[in-house]
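New to this one? Here is a short walk through it, starting with the rings.

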Amino acid sequence: MATRVRPSNKRCAVIGGSGFLGRHLVETLVDRGYSVSVFDIRQSYELPGLTFHLGDLCDEQALLPALKNASLVFHCASPAPASDDRELFERVNIQGTRTVIQACLEAGVQKLVLTSSASVVFEGKDIKNGQEDLPYAGKPIDYYTETKIEQEKLVLQACDREKDFLTVAIRPHGIFGPRDPQLVPILVDTARRGKMKFIIGDGTNLVDFTFVENVVHGHILAAENLRPNSPICGKPYHITNDEPVRFWDFMSEVLVALGYAAPRFHLPYILVYGLALLLWLLSMILRPVLSFKPTFTPMRVALAGTHHYYSCDRAKQDLGYKPVVSLKEGIQRTVQSYPHLRKGA
Ligand SMILES: NC(=O)C1=CN([C@@H]2O[C@H](COP(=O)(O)OP(=O)(O)OC[C@H]3O[C@@H](n4cnc5c(N)ncnc54)[C@H](OP(=O)(O)O)[C@@H]3O)[C@@H](O)[C@H]2O)C=CC1
Ligand SMILES: CC(C)=CCC[C@@H](C)[C@H]1CC[C@H]2C3=C(CC[C@]12C)[C@@]1(C)CCC(=O)C[C@@H]1CC3
């Protein structure tokens, strides 16, 4: 009988390694002596010693060479939430994740770490110090969330000690940091268009924003603790900064640091949510003849006007997780990294 060659446990692959989180993860892994291969639909940078494999993760034949000899795979690819394209989310997040699991099994990968999202339990209603045992959202607000739920279930259910294939899911929330293409750029764009004058609701809602290096740290801890006898197999873990902050204080701090005025006037949450829902329905009905993307989607309004912060006690206990960068320092480093987004730049 042929014996399977055990790949080195410092050899890993990062699917989605050209993206915001993926690239930070790759850079840290390389710093820590891992040999990394990146799989992504695009190549956004180069690093000495890094192998890039370009392709669509839905294509198993394209994926296999990237996973060859890897004992560990991080899956952090997803279409951007802003695309709101149901067919694309289903194809990449659900079918594509099945393909990733299949390819891992075929390539003899032993550990799969998925980047899920804390939003898998968010339905637009307040979540205060949410634990991992909250039920998945029964009525997810958007297709992104709907398909992230299915993706997480697929990965966790694939955990199989008999097959020597272990899985774990990391659920970050509100990732921010240098090179983030979403949070600060959307915020500044909204401010530049003169639409950042209003606070939705009373402005006291608490939210988790997580500095990207803490998310990376959580992923690596999960990978390094994923062993056949460990309690983390097949489980999800919240990874946050563990410093819930008022959504509008966070937004204001970033805006002011970049030279823009903080929002001051209050609008009732229910009114703005209703308008966002109406706009979204209109955009769906008119899609065949007119394509427009509203800034104020129901999901965004819900994120801006409700409490949604999560406990990371389970990660502390099982993974020894502790944020490595505070919120204050994270904000400073993020703002400094966007000189081109400063007012007047
Ligand atoms: N950012 C956040 O606040 C949060 C993110 N997450 C999760 O973290 C992960 C990483 O997010 P983030 O770094 O922000 O996202 P990015 O969009 O920056 O990175 C995702 C990467 O995956 C690539 N990709 C998309 N589709 C495919 C495909 N079919 N085949 C191969 N590669 C593909 C993207 O390419 P392209 O850009 O061309 O589409 C991109 O390079 C995602 O799973 C996301 O759901 C969870 C919670 C919060
Ligand atoms: C905590 C968390 C999950 C954050 C996710 C990041 C984005 C969804 C946010 C980043 C910038 C935010 C933003 C708004 C909604 C949520 C974000 C897109 C608004 C559109 C909310 C309504 C406004 O008044 C303008 C805001 C601009 C920034």
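## Aromatic rings

This is a predicted model, and counting its aromatic pairs gives nine. One of them joins F247 and W248: the ring centres lie 5.0 Å apart and the planes meet at 70°, which makes the pair edge-to-face because the angle is over 60 degrees.

Are these two residues buried or exposed? F247 counts as buried because its relative accessible area is 11%, under the 20% cut-off. W248 is buried too, with a relative accessibility of 6%. Both also belong to a cluster that ring pairs hold together, along with F176, F209, F211 and F250.

## Charges over rings

Rings meet charges here as well. K10 has its charged end over the ring of Y34, 4.4 Å from the ring centre. R314 does likewise with Y237, its charged end sitting 5.6 Å from the centre of that ring.

## Around ligand 2

What surrounds ligand 2? Its shell has 18 residues, and H173, M196, V207, D208 and F296 are the closest. On its own the ligand would expose 590 Å², and the protein buries 94% of that.

By type, the shell holds twelve nonpolar residues, four polar ones and two charged ones. At least two shell residues come from each of α5 (183-192), β9 (198-200), α7 (247-257) and α9 (298-305).

## An annotated stretch

An unreviewed UniProt entry marks residues 270-290 as a "transmembrane region". In the model, that stretch is 81% helix and 0% strand. Its end C-alpha atoms are 27 Å apart.

Conventions. Residues numbered from 1 in each chain as written. Chains lettered and ligands numbered in written order. Predicted model: local features only at pLDDT ≥ 70, side-chain atom pairs only at ≥ 80, totals over all residues. Heavy atoms only, no water. Near = heavy atom within 4 Å. Areas by Shrake-Rupley, 256 points an atom, 1.4 Å probe, with all protein chains shown as cover. Helix = DSSP H or I, 4+ residues; strand = E, 2+ residues; numbered from the N terminus. Nonpolar A, V, L, I, M, F, W, Y, C, P; charged D, E, K, R; others polar. UniProt positions renumbered as here; feature names shortened; annotations may be inferred. Phe/Tyr/Trp six-rings, centres within 6.5 Å; stacked < 30°, edge-to-face > 60°. Buried < 20%, exposed > 50% of the residue type's maximum accessible area, 1.4 Å probe, protein only. Lys NZ or Arg CZ within 6 Å of the ring centre and 35° of its normal.
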